[in-house]
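I opened the model to look up one helix, a few backbone oddities and one loop residue. My entries follow.

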Amino acid sequence: MQRQHAPYRADVVGSFLRPDAIKQARLQFASGEIDAGQLRAVENDAIRHVVEQQCACGLHVVTDGEFRRAWWHFDFFDGLQGVERYDSNQGIQFNGVQTKAHGVRVTGKLAFGDHPMLEDFRYLKSISGNAQPKMTIPSPSVLHFRGGRKDIDATVYPELDAYFDDLATTWRDAIHAFYEAGCRYLQLDDTVWAYLCSDDQRRQITERGDDADQLARTYARVLNKALEGKPEDLTIGLHVCRGNFRSTWISEGGYEPVAEVLFGSVNVDAFFLEYDNDRSGDFAPLRFVRPGKQQVVLGLITTKNGELENPEGVKARLEEAAQYVSKEQICLSPQCGFASTEEGNSLTETQQWDKVRLVTQIADEVW
C-alpha cells in the first residue's frame with residue numbers, strides 16, 4: 001500500500017520555521033544593508049538546507065519551506081496582474097492575536113502573467129534530487145473571500161460573474177505555467193472552506209450580505225473551471241486550513257456543512273485536512289470522498305506546539321477514519337505548515353523536525 005507518487009503516505013503541507021539567517025537577511029535588506037541579489041543568495045542556501053533536512057527525515061516530497069515569503073498568500077497575490085496590496089485599518093483577527101495590517105484588492109483585470117514564483121519553483125526543482133518538489137500557492141477563493149465585493153473595483157468588474165470567470169482563468173493559467181516550469185505536484189492552500197464550516201464565520205458572512213452555501217457552490221465551480229485541462233501527470237491537492245498564525249487559529253467546526261460540495265464535487269486529486277484537535281470535528285464527513293483516485297491526507301500531527309503525539313494514538317485515529325474512507329485513500333501529514341507567516345509557530349526547529357520524522361515513522365509502520 002506504499003505510494004510511489006504524490007500525495008505520499010507521509011507528506012507535508014509546505015512551510016517551515018524560518019532560520020535565523022533568513023530573518024537577519026530580511027532585516028538587512030529592509031534597511032538597505034544588502035541588495036535583492038544578496039538576499040536571494042541567503043535564501044538559496046537556506047532552501048538547500050531545508051530540502052536536505054526534509055529528505056533526512058525520510059520524506060519523498062520537498063518544499064522550499066516558503067522561505068522567500070512573508071505570508072502564505074499575500075506574496076503570491078502580489079505577483080498577479082490586477083491585484084494591489086494595501087495597508088488596512090487592522091490585521092486579520094486570530095484567537096487572541098492579530099496579524100500585521102495588510103490587505104489586497106482587485107484594481108484591474110485579473111491575470112497570471114510572468115509570475116516571479118515560477119522562478120522560485122525552478123530553483124527548488126533544481127536542488128530537489130530524487131525527491132519530488134511541491135509548490136504551494138493560495139486557492140482562488142482566498143483572493144475573493146476576505147474582502148468580497150468591497151475589495152473588487154466595480155468599474156473593472158461591475159458584475160461578479162465576470163470576476164469569478166477571470167479568477168478561474170487566472171488560476172488555470174497558473175496551473176499550466178507551473179506545469180511548464182516542471183511542477184508535477186501543486187498544492188492550493190484554502191482557509192475559506194474551513195470558515196464556511198464555522199458558525200461564527202457563517203454569521204459574519206450573512207451580516208455582510210453573502211450566503212455561505214452559495215459561496216461554497218461558487219468556489220467549487222471556480223476551482224473546477226481552474227482545473228479544466230489539467231495534465232494527467234500533475235497532482236493537485238487542496239489544503240483546508242482553519243487559520244495558522246503564531247500557533248493560533250480563526251475558525252472551528254467540523255467539515256459537515258461543506259462536505260458534500262467540497263468532497264463530492266471539487267475535482268482535486270487530494271484533500272489535505274486538519275484533524276489535530278476537537279475543533280476539527282469527527283471523520284464522518286469523509287463519507288463524501290469519492291472512491292478511487294482521490295486521496296485524503298489527514299493532518300493528525302499538530303504544528304501548533306512542540307509536544308510529540310503518541311504514535312499509537314495517531315494509528316488509532318487512522319483506523320477510525322478508515323471507517324468512512326478506504327485506508328488505500330488515506331495519507332498522513334502535519335496538520336498545517338509550521339510557519340504560515342514569517343513569524344512562525346510556537347515550537348523549536350528541533351521539535352519541528354521531530355514532528356516530521358514522526359509522520360514518516362507512522363506512515364512506514366501503517367502502510
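The expected span of a helix is 1.5 Å times one less than its number of residues. I am working from a predicted model.

Entry, helix α12. I checked the length of α12, residues 349-366, against that rule. Its 18 residues should span 26 Å, and the end C-alpha atoms are 26 Å apart, so the two agree. I then listed the buried residues of α12: Q352, W353, K355, V356, L358, V359, T360, I362 and A363. An α-helix has 3.6 residues a turn, so residues three or four places apart point the same way. What do the buried residues of α12 pack against? I found two helices, α2 (36-56) and α11 (311-321), and two strands, β9 (295-301) and β10 (330-334).

Entry, N310. I located N310 in the loop between β9 and α11. Is N310 buried or exposed? Its relative accessibility is 51%, and the exposed class starts over 50%, so N310 counts as exposed. The N310 side chain reaches the backbone nitrogen of E312 at 2.9 Å. From N310 I also took the C-alpha to C-alpha distance to L358, which is 9.3 Å for a separation of 48 residues in sequence. L358 is one of the buried residues of α12.

Entry, backbone. I looked up the peptide bond between A6 and P7, and it is cis, with omega about -10°. P7 lies in the segment before α1 (20-30). I noted a positive phi of about 60° at E66, which is not a glycine. E66 sits in the loop between β1 (61-62) and α3 (74-78). Its relative accessibility is 3%, so E66 counts as buried.

Key
Residues are numbered from 1 along each chain as its sequence is written. This is a predicted model: local features need pLDDT of at least 70, side-chain atom pairs count only at pLDDT 80 or more; totals for chains, interfaces and linings use all residues. Side-chain values use heavy atoms; hydrogens and water are left out. Helices (H or I, at least four residues) and strands (E, at least two) are DSSP runs, numbered from the N terminus. Buried means under 20% relative accessible area, exposed over 50%, partly exposed in between (1.4 Å probe, protein chains only). Contact means heavy atoms within 4.5 Å. A polar contact is a pair of N or O atoms within 3.5 Å; within protein, one must be able to donate a hydrogen and the other to accept it, and residues adjacent in sequence count only if both atoms are side-chain atoms.
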